[in-house]
Amino acid sequence: MARPLSLQTRSLAAAGIALAAFLGLAFFALDQAFFDAALSSQRERLQGYLHAYLAGADTNRAGNLIPPEVGPDPRFDRPGSGLYAIIVGDNVRNAKDRQWRSPSALGLDLPFTTELEKGVSEFSGPLRSAQGNLFVLSQGIAWSVANRPELKLTVNIAEDAATLQAQVKAFRRTLLAWLVGLGVFLILLVLAVLRWSMAPLRKVAVDLSRVERGAAEHLGDRYPAELSGLATNLNNFIDSERERLKRYRNTLADLAHSLKTPLAVMRTQLEAESDEKQLRWTVLEQVGRMDEIVAYQLSRAATSGRQTFAAPLPVEPFAEEIVRSLEKVYAARHVLCEFEIDPDTRFRGDQGDLLELLGNVLENAFKWARHKVLFSARPLNPADHRFGGMHLVIEDDGPGIAEDQVEHLLQRGVRGDERVQGHGIGLSIVQDIVKAYNGSLKVSRSETLGGARFDLRLLGS
């Protein structure tokens, strides 16, 4: 598959397309505006020639119109010059076929046969003729002569369209050259702006490459405001992955170290050639011990830790599910759990960690409670931490935990009462999960129920 285009290339291509469309529309609009202005100027020029002819004309005693001997422009007196005047009417001196022509129009086939009513004016063109394309201005007039009927005339002034077309072509060439030059300049300017704008992204890529090579621990902190959040999240993600990898390595090392002793005991018994019964009980005892070690290490390895991009999980439904199961297990003792849970309480992390945390701490409360357990949950102030956090309180009406025994009971493999079934690793797993989420665990006596009180604070990232 083809490699996707870079952001800079995409932006430059988009800007180029938009710029080409804009300049194309600008060229069309300016060209049309210039053509309309040139056409209007053409008409005004022909109108000026027409008025000049009328101003220079006169009548004789017979009442005939006498056009001026010399035209308002020298081209009217030069044959085939491209500027023509024709007056159509019955009372024009020296007119043939009711038409008077300027010297420039003599002997030429020109389409000026239109006769207009008084005050009517027409501008048309370019019209095809044997002399080329022409712009024509025709106006019907009535010439008043004392004691004689009005002279009804139509004055036609025509000019070769090549003049206007040459102006338009010259304007288009100039406009196109300027727009192309402007387009190239703007593309270079956009490229320079894009390179300057993309510089922070390139710096992020370079810093990530340095982190991959091991040349740096984290991304830098000198980024624009739009990228500072991304850099912070990436740094948190890097730290999270490193913590996860470190935890896995430590867990494997602890597992290998912990299994050495049971294996060594079984090997010693096998080499000592003990009797079958003693060997059998030794193997069973060490296998049980190994099972406890594996269960603990696997539970510890499953602790995912805080996740930068994890969706927040509501605490209430998971707590209700666990409590329903525990109430069934301890149904014979009639242990009930009451909730005081804020619906906005959220856990930002792995669902397995949440279930492990709630399961162990609630099971411990049910295990030691006489009849009642109280579970409270509320969110921490989001202003204190970027992603907020939560505060959990679990209380029971059991015998409680002596203050000098708290640290001892949180150690792995230690049980509060050897007669109570369990591996003694539940609270240590809770402690590991709390540490993985930058939290804290405090054990004290409940003032409400009189038993143990567990305060857990899990901070956001």
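**Salt bridges and helix packing in a predicted model**

Glu 159 and Arg 45 form a salt bridge, and their closest N and O atoms are 3.2 Å apart. I start there, and I should say at once that what you see above is a predicted model.

Where do Glu 159 and Arg 45 sit? Glu 159 is in strand S7, which covers residues 148–160, while Arg 45 is in helix H1, so the salt bridge ties together parts that lie 114 residues apart in sequence. Is Glu 159 buried or exposed? Glu 159 is buried, because its relative accessible area is 1% and the cut-off for buried is under 20%. Arg 45 has 27% relative accessibility, so Arg 45 counts as partly exposed. These two residues also belong to a network of salt bridges, in which Arg 45, Asp 73, Arg 75 and Glu 159 are linked.

Next, the two helices. Helix H1 runs over residues 7–56, and helix H2 over residues 162–213. For readers new to this, two packed helices are described by the angle between their axes and by the distance between the axes. For H1 and H2 the angle is about 160° and the axes are 9 Å apart. Angles over 145 degrees count as roughly antiparallel, and H1 and H2 are therefore roughly antiparallel to each other. The crossing of H1 past H2 is right-handed.

A salt bridge also joins this pair of helices. The side chains of Arg 172 and Asp 31 meet at 2.5 Å, N to O. Arg 172 is in helix H2 and Asp 31 in helix H1, so this pair links distant parts of the chain, 141 residues apart. Asp 31 counts as buried, because its relative accessibility is 9%. Arg 172, with a relative accessible area of 36%, is partly exposed.

Another pair to look at on H1 and H2 is Ser 11 and Val 190. How far apart are Ser 11 and Val 190 in space? From C-alpha to C-alpha they are 9.0 Å apart, although 179 residues separate them in sequence. Ser 11 lies in helix H1 and is partly exposed, with 27% relative accessible area.

Now the surface. Which residues form a nonpolar patch there? They are Leu 176, Val 180, Val 184 and Leu 188, and together they have about 360 Å² of accessible area. Leu 188 is found in helix H2. With 51% relative accessibility, Leu 188 counts as exposed, since the cut-off for exposed is over 50%.

Further along the chain there is a salt bridge between Lys 372 and Glu 338, with 3.4 Å between the closest N and O atoms. Lys 372 belongs to strand S11, residues 372–379, and Glu 338 to strand S9, residues 336–341; the two are 34 residues apart. Lys 372 is partly exposed at 30% relative accessible area, and Glu 338 is partly exposed at 41%.

Strand S11 also holds Phe 375. Is Phe 375 buried or exposed? Phe 375 counts as buried, at 0% relative accessibility. The C-alpha atoms of Phe 375 and Phe 454 are separated by 9.7 Å, and the two residues are 79 residues apart along the chain.

Last, the total. How many salt bridges are there in the model? The count comes to nine. Among them are Glu 159 with Arg 45, Arg 172 with Asp 31, and Lys 372 with Glu 338.

Notes. Residues numbered from 1 in each chain as written. Predicted model: local features only at pLDDT ≥ 70, side-chain atom pairs only at ≥ 80, totals over all residues. Heavy atoms only, no water. Patch = residues over 30% accessible without salt bridge, like charges linked within 9 Å, V, L, I, M, F, W, Y side chains within 5 Å. Areas by Shrake-Rupley, 256 points an atom, 1.4 Å probe, with all protein chains shown as cover. Salt bridge = Lys/Arg side-chain N within 4 Å of Asp/Glu carboxyl O. Helix = DSSP H or I, 4+ residues; strand = E, 2+ residues; numbered from the N terminus. Buried < 20%, exposed > 50% of the residue type's maximum accessible area, 1.4 Å probe, protein only. Axes fitted to C-alpha atoms, helices over the stretch in contact; angles between N-to-C directions. Parallel < 35°, antiparallel > 145°, perpendicular 65-115°, else oblique. Left-handed = near helix turned anticlockwise from the far one by under 90°.
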